[in-house]
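User: I'd like to go through this structure with you and ask why things carry the labels they do. Could you take me through it?
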Amino acid sequence: MPSKYFTTIDELPHNGYDFIIVGGGNAGCVLASRLSENSNTKVLLIEAGFAADGNVHTEVPFLGVTLPGSEMDWKFTTVPQKGLNGRSAPCTRGLVVGGCSVINLLTWNRGANDVWNRWATITGNEGWAWKNVEKYYKKTCKLVPPADNHDTTSQIIPSAHGTNGAIEISVPGYPTQLDKRIEDSVKELGGRFAWNEDLNSGKCIGIGYMPSTVGGGKRSSAATGYLLPALQRMNLTVLTGWQVTKLLPTGTKDGEPVVKTVELAKRDEPENRHTLKAKNEIILSAGVIGSPHILLLSGLGPTAQLRSHGIETILDIPDVGSHWLDQPYIASHFRVNSTDTFDDLLRSPSEFGARMQEWTESKTGLFVDSPANIQGYWKLPESPSGGWDKSWGTEKDPASGPGSGNLEMIFVDGYASFGKAEHPKEGNYMTLLTAVASPLSEGSITLASADPFAHPLIDPNILTHPFDLKAMVQAIKDIQILLTATSWAGFIREPIGPLAEVTTDETMTEFIINSALPFNHPCGTVRMGKKGKGVVDPNGVVWGVQGLRVVDASIFPTLAECHIQALVYIAAERTADVVKAKYGIE
């Protein structure tokens, strides 16, 4: 393990730090890397998990599906969901250096320009407009060839991406039998099912190849891309295995509380608490669950909730923990006339071992990608007279703009097991994942107790807004439309499981309620906004508090209609520049 990972307070090489960053996920790694570029700036990064360096499951893209529920996952679970017929659902969050970027399924979407321009309007800060954050996007990533070095013409637009950024991205490096069928379907059907050469080129709408955080056949993460290259800096310290239990005020300034001290404990010694103070700021990057949880434990939140748990209010901030947004999704499975899916591989230890050896020796083959190559986003059908159809249950399109979709679909060349579904013991399958990309159901994070080691109550409130359920029904209908294309003739045998009985809106609704899950793209629990309309200002500073900033997906004021890891990197890169400018760091 690199020498810059410390596991005890006594080992820390510096008596004080200019910045203490709480949470070593996507945003925390970016900030630790950028703020420590100046050797005179001392930075401490605190991560509750440990480093996964050398763990092959975090390196092999295809094995990403094995990581949720592992020791690198916080293993959060939602409260029973009214919209899911009383079911609870897992909520995967990274408990590891690099956070969710180490255990996610690698999809790289930066969102349509609409998303960023909408955030600029909501926050009243043009710094969030796409024209102003594009430079940060290109700073985050480096487009590299796919693992098989094939010609990527018509699959991605190189000029839309960075050439020297920290995170390596590429289009899939191993073709599947679905790829051409999907392309042919799009050519035949057209309309709402249009092809998009690059979903990261301004409009995140249409069907196209799915870029992922893969370089040279290996996962590229916040840990490998941002943190590891910076670990040898003498002014950067990384403390692992320690959980911040709360933040402490150190006085007041201009009538506002100053919060620059963290209380923390080793996860295996929860009663032994320590404190550390930052000279300039604490930057909270503990994620959409961790950041609001720490704020609440610290007395920064709704007074009534804090009082009910015996926590003294430092500042009444009603919105802390509110406005959770996430995309609901379902998995639809079909039996197919093919033996080229990955199903038999999962049943054969010898075949699996051969594929693993292929990856180990040459970084080629099936294992260089996540289990899907193509994704798509599209709008709901318009009204008969054109324009938004109010029968969907809203006065206007809830998506960020014309370049952002309402629905998403991902195509998997095999049986993808989600929830309680187990992989079939025989047969070959295709899985279509469909999601509502622009949901309106809002949930929350609240305290279960004042114990910092007790998980908070996570209530996504999934599928409780009528729009979300109607949109998901349309997503199933869109599957049926897509599969009418001639390229699927003779390939699809039949839908399986409950999907086989789905023929009406009523049976579709029942199928959705009994099978939907959160897509694990949550945001919004410490959202940005103008004063009085958000928890933090456009630069992540907590309104009414000095010395405390939040930077992670919790600050997003709306949910981007895509997978959101790239947006966290962009937000962190932008904030790093804001912080450097404030403190004169060059």
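User: What makes the pairing of Glu 494 and Arg 335 a salt bridge?

Analyst: A salt bridge is a side-chain nitrogen of Lys or Arg within 4 Å of a carboxyl oxygen of Asp or Glu. The side chains of Glu 494 and Arg 335 meet at 3.0 Å, N to O, so the pair fits that rule. Glu 494 lies in strand β23 (residues 492-495) and Arg 335 in strand β17, so the bridge ties together parts 159 residues apart in sequence. Helices (H or I, at least four residues) and strands (E, at least two) are DSSP runs, numbered from the N terminus. This is a predicted model, where local features need pLDDT of at least 70 and side-chain atom pairs count only at pLDDT 80 or more, while totals for chains, interfaces and linings use all residues. Residues are numbered from 1 along each chain as its sequence is written, and side-chain values use heavy atoms, with hydrogens and water left out.

User: Why is Glu 494 called partly exposed?

Analyst: Buried means under 20% relative accessible area, exposed over 50%, and partly exposed in between (1.4 Å probe, protein chains only). Glu 494 has a relative accessible area of 34%, so the label is partly exposed.

User: How many salt bridges are there by this rule?

Analyst: The count comes to 19. One of them joins Glu 561 to Arg 118, with the closest N and O atoms 3.8 Å apart. Glu 561 sits in the loop between β25 (548-550) and α14, and Arg 118 in helix α4 (residues 113-123), so this pair links parts 443 residues apart in sequence.

User: Are Glu 561 and Arg 118 buried or partly exposed?

Analyst: One of each! Glu 561 has a relative accessible area of 2% and is therefore buried, while Arg 118, at 26%, counts as partly exposed.

User: What makes Lys 379 and Asp 397 a salt bridge, and which labels do they get?

Analyst: Their side chains meet at 2.6 Å, N to O. Lys 379 is buried because its relative accessible area is 18%, and Asp 397 is partly exposed because its value is 22%.

User: Which residues are joined into one network by salt bridges that share partners?

Analyst: Arg 34, Glu 37, Lys 139, Glu 573 and Lys 580.

User: How do you know that Ser 338 is buried, and what does its side chain reach?

Analyst: The relative accessible area of Ser 338 is 13%, so it counts as buried. Ser 338 is in the loop between β17 (328-336) and α10 (343-347). Its side chain makes a polar contact with the side chain of Gln 177 at 2.7 Å and reaches the backbone nitrogen of Asp 340 at 3.0 Å. A polar contact is a pair of N or O atoms within 3.5 Å; within protein, one must be able to donate a hydrogen and the other to accept it, and residues adjacent in sequence count only if both atoms are side-chain atoms.

User: What makes a group of residues a nonpolar core?

Analyst: The group must be a set of buried Ala, Val, Leu, Ile, Met, Phe, Trp, Tyr and Cys residues joined through side-chain atoms within 4.5 Å. The largest core has 104 residues, and those with the most contacts inside it are Leu 227, Leu 247, Val 262 and Phe 556. Helix α14 (residues 565-583) gives the largest share, nine residues. A second, separate core has 42 residues, including Ile 156 and Leu 463.
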